[in-house]
Amino acid sequence: MTPNTIAIDGPAASGKSTVGAKVADALDYIFFDTGIMYRAITWTAIQHGVDISDEDAVSKIAEKTPIDIQPPTKADGRSSDVIVEKEDITWACRKPAVDTNVSTVAAYAGVRAALSQQQRRIGLRGNVVMVGRDIGTVVMPEAKLKIYLDASAEERAQRRYDEVIARGEQANYAEILTKVKERDHVDSTRDLAPLRSAEDAIILNSDNLDIQQVFEKIMALYK
Ligand code: CDP
């Protein structure tokens, strides 16, 4: 039987996480942001002083580091708690140093093998909304509904800028825009599981839509 999985893929800061969490909430499904796992491994590698260009060392970290994603214990805008080595890294793994390095880490075969296997296990249980880059193409190709959520780089950088400012942190729009473009480039040109829409995905461009409108479109498609 096809599991009740909704796959939402798309480039950086396209609104996947916000809208995915809202859809999961409405359907009483689990929300699973797969990007968090790549971020957690990147953060752990940096923390351990591992050279990010050392593919073997980074892959070993992905193979042996358990990442705990649990229901949120704080009402500070998080959709889950991310725990690694007993430390709450929910916000730490969204820092600029992680943004800069995560696409390099996510392109490594050993890292992808370790993480996508765990993601697929969760997807197969069903009743889950999964967001990422390769959910519809590689992790859960049998998902019931596949959405590819897109928006212009400028719009996405603006959204990410607003998020960072809302958390009370410093942000620079031009820098965010450059990083978003760099990350998209690496994510879509890598050999393994590159960012692209699945053939049977529905492409939604959210440039002129707010979160509520995207949410309503996805709910209508699912029904
Ligand atoms: O939230 P944002 O859109 O900025 O990114 P994210 O979903 O947290 O993902 C961070 C990075 O992890 C991406 O830029 C990809 O390099 C990688 N990723 C991936 O390769 N495959 C996934 N399924 C999810 C994320």
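This tour visits two empty spaces in a predicted model, a pocket and a cavity.

Begin with the second largest pocket, and select I30, F31, F32, I69 and Q70, which lie nearest its centre among the 19 residues that line it. With these in view, note that the pocket holds about 490 Å³ of space.

Next, colour the elements that give two or more residues to this lining, namely β2 (30-33), α2 (35-47), β3 (68-70) and α5 (109-124). Which of the elements should be selected for the largest share of the lining? That share, four residues, comes from β2. If you then colour the lining of the second largest pocket by residue class, it divides into 11 nonpolar, four polar and four charged residues.

Now leave the pocket and turn to enclosed space, where a probe fits but cannot get out; with a cut-off of 30 Å³ or more, the count comes to one cavity. The largest cavity holds about 30 Å³ of space, and to find it you can select D9, G136, K146, I147, Y148, R196, S197, A198 and A201, the residues that line it.

Within that selection, highlight strand β7 (residues 145-150), which gives the most to the lining of the largest cavity, with three residues. A last colouring by class shows how the lining of this cavity divides, into four nonpolar, two polar and three charged residues.

Methods: Residues numbered from 1 in each chain as written. Predicted model: local features only at pLDDT ≥ 70, side-chain atom pairs only at ≥ 80, totals over all residues. Heavy atoms only, no water. 1 Å grid on protein atoms, 1.4 Å probe; cavity = no way out; pocket = protein on both sides within 12 Å on 5 of 7 lines; lining within 4 Å. Points joined across faces, edges and corners; volume = space filled by probe spheres on them. Nonpolar A, V, L, I, M, F, W, Y, C, P; charged D, E, K, R; others polar.
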